[in-house]
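Here's a walk through the fold, meant to be read with the structure open beside you. We'll begin with one pair of helices and work outwards from there.

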Amino acid sequence: MFRHRLLHHVRADARMVAFVKPVRAGSWTSGDTAVRLTGNSIDSMEYALGLAKLALGYTSPNPAVGAVLVKDGEIVGTGYTQPAGFAHAEIMALNQAGSRARGATLFVTLEPCCHYGRTPPCTRALIEAGVAEVHAAMIDPNPRVNGRGMAELERAGIKVQVGEYEDRAREINEAYIKWITTGLPFVTAKFAMSLDGKIATRSADSKWISSEEARNYVHTLRYTVDAVMVGVNTVLVDNPRLTARRIGRGGTTTHQPLRVVVDSRGRTPLSANLFKEPGKTMIAVAQPLDREKADGMARLGVEVVELRADDGMVDLERLLRALGERQITSVLVEGGSSLLGSLFDCRLIDKVMAFVAPLIIGGDGARTAVGGNGVERVSAAFRCERVKVERFGDDVLISGYLPARSRCSQA
Ligand code: AOF
Ligand code: ZN
């Protein structure tokens, strides 16, 4: 009976289930048995991580958290974070468990909050419900929580444990972690290139270098980030829409990331495709727009921000800070070559996602993925850590993280 309800719960958000991979193959299956769990802590935390992934993409700026309440080896409640301003994961699980929460063990992917934010503290609710034990995969880096949640639970006589699957929990909320601790969004450089490193031919044709599978996945990525960013050249040459499509029920979603165009001289035409799409657009310029363009942008509801750096271009670090202030926790940079080059030169990239397609384009004049100044010596190159390789059709996605270094030292 309960399992049935659980299956329902997981299926309730078909929009997400369609593209969220289970944490481990076989962790949940179709048919009568929704979830295979033995009630031990590893399986329960793994299940909680899967639930957290279901919330990714619509909780921002709140982290995506999953929670599982287990009593006598049986799951009595599950939940994941609802959109910002609505219930946290623990509250969802407690509501489902009702009186069965008394004496239960909670497995949660982030330390329960102990402060009044948009919602009341989860610690209070857990104590009042009589939960006996709390396992959190990681401490909440929010300075308002940061260990105080676990301490409060412990003071109330609850057994606490931190750290099961911490790396995986941190990966799910990597954007939130950076934003809440620095005020800057987590920046991912995404590009699709041929085997010889080109992102277009010498005549700027780029449709399509990557496989359909890879391009579909990009829509999923767009869905999970708060903003998508491109340079004005990409708008002028490719005229992209920059929306998350091909996902959700019937392949549509109303949830769209903010579109940001970096456009130092204000060359984005008012007729650009990205203005015709649902969702908001921001243009970052380094000099005031002429009157007509400014009025046109205002009519289109576009936010124009002027952030001039010493070199007369848009100050990218200030732009990221301005986005962070608008509660943008993650930015997916989709090119082109000069914007990515400037971001790498300023050391503002946190993660790289490079799709490599088995094509050779050739041509001295054909653009490569990352322009800018680049480094002088190979020993100074940006080397990714925690590298992962995945396949999308015949394409390969190589992703990895860049270690945090002092920012913009060479800009
Ligand atoms: C939890 N469980 O599922 C999440 C937490 O404004 P509020 O009330 O929604 O609080 C936001 C903060 O709560 C957020 O910055 C983070 O510290 C924590 N998120 N905490 O106990 C959850 N999403
Ligand atoms: Zn909470």
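Helices H5 and H6 cross in a right-handed sense. Keep in mind that this is a predicted model. The axes of H5 (residues 122-129) and H6 come within 10 Å, with a crossing angle of roughly 20°. Angles under 35 degrees count as roughly parallel, and H5 and H6 are therefore roughly parallel to each other. If you want to see where they touch, look at Thr-123, Leu-126 and Ile-127 on the H5 side, which meet Gly-149, Glu-152 and Leu-153 on the H6 side.

**The open sheet**

What does H6 pack on? Helix H6 (residues 148-155) sits on a sheet, where it touches S4 and S5, and its direction makes about 155° with that of S5. That open sheet has 5 strands in the order S2-S1-S3-S4-S5, with mixed pairing. Strand S2 (74-80) and strand S5 (159-162) are the edges, each pairing on one side only. From one strand to the next, the twist averages 15°.

Helix H4 (residues 89-97) lies across S1 (66-71), S2 and S3, and runs at about 140° to S2. Inside the sheet, S3 (residues 105-108) pairs with S4 (residues 133-136), and Leu-106 stands opposite Val-134 in S4.

**Around S11**

Now move along to S11, which has parallel partners in S6 and S7. Here are three parallel pairings, the one from the open sheet included:

| Strand pair | Sense | Bridges |
|---|---|---|
| S3 and S4 | parallel | 4 bridges |
| S6 and S11 | parallel | 4 bridges |
| S7 and S11 | parallel | 3 bridges |

Leu-332 in S11 is a handy landmark: Thr-188 stands opposite Leu-332, and so does Val-228.

Is S11 covered on one face or both? Both faces are covered, with Ser-330 and Leu-332 buried on one side and Val-331 and Val-333 buried on the other. As background, side chains in a regular strand alternate between the two faces of the sheet.

**Helix H13**

How much of H13 is buried? Helix H13 (residues 337-345) has 7 of its 9 residues buried, so the rest of the structure largely encloses it. Those buried residues are Ser-337, Leu-339, Leu-340, Ser-342, Leu-343, Phe-344 and Asp-345. They pack against strands S6 (186-194), S7 (227-231), S8 (258-262) and S11 (330-333), and against helix H12 (316-325). After H13 comes Arg-347, whose phi is positive, near 55°.

**Two nonpolar cores**

H13 and S11 turn up again in the hydrophobic interior. The largest nonpolar core has 61 residues, and Val-331, Val-333, Leu-340 and Leu-343 touch the most other members. S6 gives this core its largest share, 6 residues. Leaving aside residues up to four places away in sequence, Leu-343 touches Val-187, Ala-189, Leu-316, Val-333, Leu-348 and Ile-349. A second, separate core of 46 residues includes Met-45, Cys-122, Met-150 and Leu-153. You've already met Leu-153, as one of the H6 residues facing H5.

**The whole chain**

Stepping back, the protein has 13 helices and 14 strands. Of its 411 residues, 44% are buried. Among contacts between residues at least 6 apart in sequence, 68% join residues at least 24 apart.

Terms used:
Residues are numbered from 1 along each chain as its sequence is written. Chains are lettered from A and ligands numbered from 1 in the order in which they are written. This is a predicted model: local features need pLDDT of at least 70, side-chain atom pairs count only at pLDDT 80 or more; totals for chains, interfaces and linings use all residues. A residue is buried if 20 or more other C-beta atoms lie within 10 Å of its own, exposed if 12 or fewer, and partly exposed in between; C-beta atoms are placed from the backbone. Two residues are in contact if their C-beta atoms, placed from the backbone, lie within 7 Å. Two strands pair if DSSP finds at least two bridges between them. Axes are lines fitted to C-alpha atoms, for helices over the stretch in contact, and angles run from 0 to 180 degrees between N-to-C directions. A nonpolar core is a set of buried Ala, Val, Leu, Ile, Met, Phe, Trp, Tyr and Cys residues joined through C-beta atoms within 7 Å. Angles under 35 degrees count as roughly parallel, over 145 as roughly antiparallel, 65 to 115 as roughly perpendicular and the rest as oblique. A crossing is left-handed if the near helix is turned anticlockwise from the far one by less than a right angle, and right-handed if clockwise.
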